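Visitor: I would like to learn how to read a few features of a model, beginning with charged pairs. Could you give the general idea each time and then the case at hand?

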There are 2 protein chains.
Amino acid sequence: MPAFNNFEFCSPTHFVFGKDAELQVGEKLAAFGAHKVLIHYGKHAKDCGLIDRVAKTLVDNGLEYVELGGVRPNPEINLCREGAKICKEQGVDFVLAVGGGSVIDSVKCIADSAVYDGDAWDLVSKKAPVKASLPIASVLTIPAAGSEGSKNSVISNDELGMKTGYGCDLHRPKFAFMNPELTMSLPPYQTAAGCTDMFAHLLERFFDDAENIPVTDNINLSLMKTVRANAVRVMEDPNNYDARANIMWAGALCHNGIAGCGRHEDWATHGMEHELSALKTEVTHGAGLAVLFPAWMDYVYEENPERFALYGREVFGISTTDDVKADARAAILATRQFFTSLGMPTHLSEFGFVESDFEKTVPTLRENKGEPFGSFKKLTMDDAVAIYKSAL
Amino acid sequence: MPAFNNFEFCSPTHFVFGKDAELQVGEKLAAFGAHKVLIHYGKHAKDCGLIDRVAKTLVDNGLEYVELGGVRPNPEINLCREGAKICKEQGVDFVLAVGGGSVIDSVKCIADSAVYDGDAWDLVSKKAPVKASLPIASVLTIPAAGSEGSKNSVISNDELGMKTGYGCDLHRPKFAFMNPELTMSLPPYQTAAGCTDMFAHLLERFFDDAENIPVTDNINLSLMKTVRANAVRVMEDPNNYDARANIMWAGALCHNGIAGCGRHEDWATHGMEHELSALKTEVTHGAGLAVLFPAWMDYVYEENPERFALYGREVFGISTTDDVKADARAAILATRQFFTSLGMPTHLSEFGFVESDFEKTVPTLRENKGEPFGSFKKLTMDDAVAIYKSAL
């Protein structure tokens, strides 16, 4: 049996990377054929003057625009509904996110529902398929989610107490404007959580039930090495342009699909984390992953310790021995230490979770992921609870 | 000064990879909106029945098609003119290449000139810009040139004795159908030349005058390792599906631009090789590169021996010492040995070149590349002649 699974790969986003990248927004969107742009953002992008700077490039290129701020971490469906309403009422034909993954995810949902007659949550919950979408782009300010080049969006519904991901090639961003200088003012915690999130995107693709696939695995491991080395550097020297640039570009490549081609991928840990930040929307996704991923690793590594030993050797330089399970455990310890070194939390109790919370997360986890879920090891809901508890 | 240069990256091709990928052609092209397809190919694809198999998927999905065979290695402008004429006369709206880089390069030129009023060579020679192009796709049978996902095309003009490359985002392939099984019947020489070509695409991007850029360099080195390891494997075991798949997917990534983001790139050696295969069209591009690249390395490595030492350590496992120039020379020797191990030639005289030939290649080299050319070391025409001679 060949190891290399059939796959399709398409990453059509046009990346504009480097200093002053955001000043090219107006020119590129005008050339694309946009006329009226909805600019969507969170508080910081407005306060620091970035929105005005970007809006000016639109006006300078003969484009009209409207604004919608107010995006929060773990973006909520109601604001997407509002954005879609604005698009419909005002004839918006292009939606621009200025911010991080939350804003870009929100924009994807706005773009889909702006050309849909029903309610936006139909699309997120997959009750209705996305059949069309307005074109979107982003000016990225937080390297983390990889949403700037991905087909994925994760939207919360406070009323239902749910947080759900959906994917669609139609809302793949047309452009991503990525200026590393815009990321220098990020708070250290957010920088660290972003690095953790992108590293986790690689882990989800590396650990599954497929055999080794050198071309893809080598790219994945090379990105892990890059994130690991440069995460330490940006924490130590936040204004280091090269370190910021390496992290920012890696963040896009960690999640555009290139690191998983031909593999099955896992995504159990992301699924489990989404339920936690649905319950407590103040939990930063990357921070939740920093706690859950080592716990997941402890729970599953015996399925294929060789894979963990390979990861430990290539990413952390841990030389392999005759005792492959010990090598695997060393790799897990190195992972935990890496996240801790960035200032990430180590226990779910630090977010205020208690054991009884997991009774609430399991039903929505089952609904979102099905049972069993995951690929490296097929997990039941009992397994999920055991992992949550071990991370408490 | 930051090392990380501004860049733009866009690789919109939709890759359909794996067993029976070619059976999806009709469905994907119909969904794209094609109506009448020109199928373009060389002799082998017709003889082995592949063209008929692909054509059937078009008919099954309600598409019409016309055929044009006859593509040779180092594709010639006259056949492109003929293809463009067929497109214009018969209302073709999609051009499909079935074959390797030569066929795909030819299709790009056909697609451009099918919607251009003047002569096809105007576009290749950059006398006129490409302003529009028919959509194209390929069924790849030779992993080598990376043309299936690139914006580049290299076309020969026998009348003028020229071979010229041009690039344009408008003719980026919409789809690439890549079934590793189709590559199992390649003659060993062509498999080896293909592996050499893709490895050379990485070398051209790795060695330039920019500083280290970890995210890009690590991807590049990871691809070099993949090509090196799996090239040996496909030579030894031509029907090994996984080895073929790794080589085939690596070939696309070696040349879609991902391995050079933020770098200046060099391309001196490719420029010099194109002049040789323009003079003798029977020279396989990869084989020419196998001879010229080590000669170029010998000539230039002292500009930045550290870069060569890094390459030698990461790709060939040559441990670095206090003598960085010796480390660099060891890396060059390993490169030469790698190409030789694949059965590639080592001297230009094996193709029948003599010293006086270089008087003919230099004027067109100057016209195509300008003077000086290259980035790792800026080369004059005298340098080019010295490199040619050292490779004789």
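Visitor: Which side chains meet A:E302 or A:K325 in a salt bridge?

Guide: As a general idea, side chains of opposite charge can pair when their charged atoms come close. Here A:E302 and A:K325 meet each other in a salt bridge, with 3.2 Å from N to O, where the term stands for a side-chain nitrogen of Lys or Arg within 4 Å of a carboxyl oxygen of Asp or Glu. A:E302 sits in the loop between α11 (285-300) and α12 (305-316) of chain A while A:K325 belongs to helix α13 (residues 324-341), so the pair ties together parts that are 23 residues apart in sequence; helices (H or I, at least four residues) and strands (E, at least two) are DSSP runs numbered from the N terminus.

Guide: Before we continue, please keep in mind that this is a predicted model, in which local features need pLDDT of at least 70 and side-chain atom pairs count only at pLDDT 80 or more, whereas totals for chains, interfaces and linings use all residues. Residues are numbered from 1 along each chain as its sequence is written, chains are lettered from A and ligands numbered from 1 in the order in which they are written, and side-chain values use heavy atoms, with hydrogens and water left out.

Visitor: Where do A:D158 and A:R72 lie, and why does their pair tie together separate parts?

Guide: A:D158 and A:R72 form a salt bridge whose closest N and O atoms are 2.8 Å apart. The first partner is in the loop between β6 (152-157) and β7 (162-167) of chain A and the second in the loop between β3 (64-68) and α4 (77-90), so parts that are 86 residues apart in sequence are tied together. A:D158, with a relative accessibility of 43%, counts as partly exposed, and A:R72 also falls in that class at 26%; the classes are buried under 20% relative accessible area, exposed over 50% and partly exposed in between, with a 1.4 Å probe and protein chains only.

Visitor: How many salt bridges does the structure hold over all chains?

Guide: Over all chains there are 46. One of them joins B:K46 and B:E67, at 2.9 Å from N to O. Because B:K46 is in helix α2 (residues 43-47) of chain B and B:E67 in strand β3 (residues 64-68), this pair ties together parts that are 21 residues apart in sequence. B:K46 is partly exposed at 31%, and B:E67 is partly exposed at 28%. Salt bridges may also share partners, as they do in the network made of A:D208, A:D217, A:R263 and A:R307.

Visitor: Is B:D208 buried or exposed?

Guide: B:D208, which lies in the loop between α7 (188-206) and α8 (214-236) of chain B, is buried, with a relative accessibility of 2%. Its side chain makes a polar contact of 2.5 Å with that of B:R263, a polar contact being a pair of N or O atoms within 3.5 Å, one able to donate a hydrogen and the other to accept it within protein, with residues adjacent in sequence counting only if both atoms are side-chain atoms. A polar atom of the B:D208 side chain also lies 2.7 Å from the backbone nitrogen of B:E265.

Visitor: What rotation superposes chain A on chain B?

Guide: In general, two copies of a chain are related by a rotation about an axis and a shift along it. For chain A and chain B the rotation is 180 degrees, the shift along the axis is 0.0 Å and the RMSD is 0.0 Å, which is the relation of a two-fold axis; the fit is by least squares on the C-alpha atoms of residues with pLDDT of at least 70 in both copies. In chain A, the C-alpha nearest the axis belongs to A:P12, 1.8 Å from it. The same surface serves both copies, since 100% of the contact residues of chain A recur in chain B, contact meaning heavy atoms within 4.5 Å.

Visitor: What area is buried between chain A and chain B?

Guide: About 3300 Å² is buried between them, and carbon and sulfur atoms give 58% of that area, which is the accessible area (1.4 Å probe) that two parts lose on being put together, summed over both. Chain A brings 39 residues to the contact and chain B brings 39 residues. There are two salt bridges between the chains, among them B:E8 with A:K28 at 3.1 Å, N to O. On the side of chain A that touches chain B, β1 (7-17), α8 (214-236) and α9 (241-253) each supply at least two residues, and β1(A) gives the most, with eleven residues.
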